[in-house]
Amino acid sequence: MPTPHEFAIAGVYMPPMLVAGLFGVIATALSVRLISHYRWSKYFAFPPAVFLALMVIYTVFFGTFIIGA
Amino acid sequence: MAISRKAKEAIKTALAMTLGYGISLWLGWDKPMWVGFTVAFVSLATVGQSLNKAALRMMGTLVAVVVAFVIIGLFAQDRWLFILFFSLWIALCTYMMEGAKNQYFWHVAGFACGIICMDGGANSENAFGIAMLRAQQTGLGILVYGLVSALLWPNDSGKAFAASVSGLVSTQQQLYQACLDLMLRGGDSKNAKALQIQLIQQKTRFGQLLDAAEADTLKVWELRRQWRALQSQVGAMAASTARWLDEIGGGTPLDYGHLLPGLKPFGNEIDLRLSMVAGMLKGQMPKQQATAIKLSLDKDKVRALTSFQKAELAVRRSQLQQVDDLSRTLFATVRDLQGFGRTSARPPAPAASKPSFIPDLDRLASAVRVMATLWLAFLAIVYVQGWPGGLGFLSMTTPIGMALAGTPQVSVRILLAPVAVGISIAAVAYIFIMPQLSSFAGLGLLIFAITFFVCYRYSEPKQGLGRAFGLAMFVAIASISNEQSYSFLVVANTALMFPLVFLILAITAHIPFSPRPERIFLRLMGRFFRSCDYLLSSRNKESTRWMAAFHARELASLPQKMAGLIPQINPKVLPGTSPAQLQAIVASLQSLADRMQGLAEASRYTQSMRLPKELRPGVSDWQIAVQKTLSNLSGDPTSGNKDAFQSRLSGIMAVLERSIQLELDKGGAGRISAQDGENFYRLLGAWRGVSEALITCAGSTTPVDWAPWREEHFT
C-alpha cells in the first residue's frame, strides 16, 4: 500500500484526503452519468443515497490504494 | 461622450462601495466589510427600489439584533437549545420570506441573526458589540448608497410608473375588446391570450414600480392608499377578464347580439369608460361620468334556448355586469387620484371574513428543509474536527440555505460558476495586488475597479447571482480592515467551505420531498385534484370554512407553481414528454381552478334556494360523477380517461336537460321565482363549466407518457 504523503501544488500543501475526495467526486460523477445513460438508475430505490455511497467508496478506495491518505 | 445606463449604475455602486469603506475605515470601525455587503446587495435599478430594499435590510437587521440577543441571553449555556431555537427562528423567517410581501426583510432578519449569534457566541458583551457594529455598518452602507444614488444620475421611478399605469389600462381595454369580440363572433383566442399574458406581466411590473415610486416620488407617496386601491381593482378586473376569456374560448358561441339587445351600447360604454380612465391618467378631464348599465334580455329569444344554453347566457351576463361594476369603480378611483372630483362611489363592500392564518405546504417544506440544513451544518461543526470556517460556516450556510430552500429543484450546480469566478477575482486582488498597496488611495481605486467590473459585467437582472457572488466573495475574502493582514489560508478556507456548503444543500434538497422537478409536478397535480375534490364534497358546510379557505388557496396557487417548474423539467430524461404538453396540462388546471371559483360564487347565490325535487337526482348524479373522477385523479393524477368521462357526463346532462324541460312543462317555472331561476341557471352553468374543464384536464394528461416520470434516476 502507498505511504501516506502530502500533496504540494505550487508550494501549497494539501491534505491527501482532500485530493482523494476530489477524485472520488469526479469518479462518482462519471459513474452516475454512465448509469443514467443506460437507464440502470431505475433499479435503485433512492439514487441520491447511491450517489453518496459511491462517493464514499471511491474516496476510500483512492485514499487507501492510490494516494495513501 | 455619453455614458450608458449600465455604466452609470456600475459607477454609482462602485463609488458608494469605495466611500462606504473609506468612511468606515476613517471612523476606525471594525468589520468594514459589512458596509460592502450592504452596498452590494441594496443597489437596484431606481432610487426608490434601492431605498425600499435598503429599508427592508435595515429593519431586518434591527429585528435580527433583538432576536439574537434573546437567543444568546436565554440559551448561551446549552448549545443544543441554542441551535434548536436559532434554527426555529430561521425556519420562521424562511416561511415568511416565501410569502408575497417583505421577502428581503425576512431573509435579512434570518441570516443577520445567524451572523450575530455565531460571531458573538456565548459572550454577551461581545455579542452586543457585534450587533451594534452590524447595525451601524448596515446603516452607513444604506446612507452612503442612498446619497450617491439620489445625487448622481438620479433615476426615480415616477416616469416609469406613469408609463406602466397607462400601459396597464390600455392593455386591459384591448383585452376587454378582444374578449367581447370573441364572445360575439367566436374564432381564435390567440390574440386575447397574448394580451392576457402581457397584462399579467404589466401588472407585476406595476406592483414593483408602485413600491419604488412610493419611496422616491412624493406625489405617489401622498396618494398611496388610492394607488393601492387602484392596484387591487386592476387585479380584480384582470382576474375577472381572465375567467371570462377562459370560459368563452372554444365551442360555438350563442347569438349574444340578439339575446342581449343592449350588448352593443354596453360594449361601447365600457370601452369609452376605459378610454376615459386612460385619458385621466394622462391628465385629460373625463367627458362624462360612469353610470351603471343594465343589460336586458330578449325574453322571447331566451325562451327558445335549451336549459344549458340559458345557463351559459346567465353566466355570461353576470360576467359582463361584473366588468361594468369593476370598471366603474376603477373610473371613480382614477378620477379621485387625478383630482377630477371627489369620488361618490359606493363605499367598498366589506371583505368576506377570511381565516387569519392559512398555512402553505410548500413554504412549510422550505422551513423544514432549511432547519435540516442548519442542523447538518451544526453537527458537522461539532463532530468533525477542523471543519473549515468553524461557526462561520453556519453564518455562510444560513443565507444561501434560506435563498435556495424554496427552489429545491434548482441544482446547487448553478452556483458553482459564480462562486468560482468570485473567488478567483477576490484571490487575485487579495494575494497579488492588496499587499502592494500602502494607502487608501490605492485601496479605494482597487475597490472601485473591482466593484465596477463586477457590476458592469453582471448588469442584467438574470445575472444577479454572478453579481451577488462576485461582490460578496471580494468583500469576504479581502476582509479589508485598518489592521490588514494577509494569509493564503483565508482564500483556501473560504474556497473549501463552499463545496461543503453545496454538499449539505444537495443532501437537504431531498428533505422532506424529492427535488426532481417532475416529481414535484406530479405531487402538486395530486394536491390540486385533492383540493378540487375537497371543495366539491364540502360545499355549503359552515364547519369546514378554514379547510375550504386552505383548499381554495391551493387551487389558486398550484397551477402557477407548476408552470414555474416546466422549464426545469428535462425532456431528455423523460422521453414522450414535451414542454407544450405540460403547458397544456397547466392551462387546463388553471381553467379548472377558475371554473371552481365560478362554481363557488354561483353556490353563494343559491345557498338559500331549494331545487325542485324532480331535478335533484340529475344534479346529484352529475355531482357524484365529477367527484368520482376528481377522487380518482387525486389518487393518480395521470389516470384521466377523457372519453369515458365525457360519455358519462353527456348521458347525465341529457337526462338533466329532459328533467328540466319536464319540470318547466309542468309549470315548475311558476314555482321558482325569477331571481331563483336566474341563480339556478348560473349554478347549472358553473357545474357545466367545471365538468367541461375536467374533461379537458383528463384529455390533456393522456398524450404524456407517464412511465418514465415514475422511474428513479439521478438528478
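**Exercise 1.** In this predicted model, decide whether B:Ala377 is buried or exposed.

*Solution.* Start with the cut-off: a residue is buried if 20 or more other C-beta atoms lie within 10 Å of its own, and exposed if 12 or fewer do. B:Ala377 has 27 C-beta neighbours inside 10 Å, so B:Ala377 counts as buried. Next, place the residue: B:Ala377 belongs to helix 15 of chain B, residues 361–383. Then list its contacts. Leaving out residues up to four places away in sequence, B:Ala377 touches B:Phe393, B:Leu394, B:Thr397 and B:Ile504. For one of these, B:Thr397, the position along the chain is 20 residues from B:Ala377, and the two C-alpha atoms are separated by 7.6 Å.

**Exercise 2.** Apply the same steps to B:Gly598: is this residue buried or exposed, and which residues does B:Gly598 touch?

*Solution.* The count for B:Gly598 is 24 C-beta neighbours inside 10 Å, and therefore the residue is buried. B:Gly598 sits in helix 23 of chain B, which covers residues 579–605. Apart from residues up to four places away in sequence, its contacts are B:Arg243, B:Ala686 and B:Gly689. For a long distance, take B:Met434: this residue and B:Gly598 are 164 residues apart in sequence, and their C-alpha atoms are 66 Å apart in space.

**Exercise 3.** What span should helix 18 of chain B have, and what is the distance between its end C-alpha atoms?

*Solution.* Helix 18 has 18 residues, 440–457. The expected span is 1.5 Å times one less than the number of residues. This gives 26 Å for helix 18, and the end C-alpha atoms are 25 Å apart, which agrees.

**Exercise 4.** Which residues of helix 18 of chain B are buried, and which are exposed?

*Solution.* The buried residues are B:Leu443, B:Ile447, B:Ile450, B:Thr451, B:Val454 and B:Cys455. These cover an arc of only 125 degrees around the axis, so they lie on the same side of helix 18 of chain B. On the other side, B:Ala441 and B:Leu445 are exposed. Finally, look for the cover over the buried residues: it includes helix 1 (5–26), helix 17 (413–433) and helix 19 (464–478) of chain B.

**Exercise 5.** Into which domains is chain B divided, and how many residues of domain 2 are in contact with domain 3?

*Solution.* Chain B is divided into domain 1 (5–156 + 359–508), domain 2 (158–337) and domain 3 (517–710). In the contact between domain 2 and domain 3 of chain B, 13 residues of domain 2 meet 15 residues of domain 3. On the domain 2 side, helix 10 (224–248) and helix 14 (307–337) of chain B each supply at least two residues. Helix 14 gives the largest share, eight residues. By type, this side of domain 2 divides into five nonpolar, three polar and five charged residues.

**Exercise 6.** How does the radius of gyration of chain B compare with that of a compact globule?

*Solution.* For 715 residues, a compact globule would have a radius of gyration near 27 Å; chain B has 30 Å, which agrees. The C-alpha trace of chain B spans about 100 × 60 × 45 Å along its principal axes. In secondary structure, chain B has 28 helices and zero strands. Of its 715 residues, 42% are buried. For contacts in chain B, consider residues at least 6 apart in sequence: 81% of these contacts join residues at least 24 apart.

Conventions: Residues numbered from 1 in each chain as written. Chains lettered and ligands numbered in written order. Predicted model: local features only at pLDDT ≥ 70, side-chain atom pairs only at ≥ 80, totals over all residues. Helix = DSSP H or I, 4+ residues; strand = E, 2+ residues; numbered from the N terminus. Arc of directions from axis to C-beta. Contact = placed C-beta atoms within 7 Å. Domains from an automatic or database assignment. Nonpolar A, V, L, I, M, F, W, Y, C, P; charged D, E, K, R; others polar. Rg over C-alpha atoms; globule rule 2.2 N^0.38 Å.
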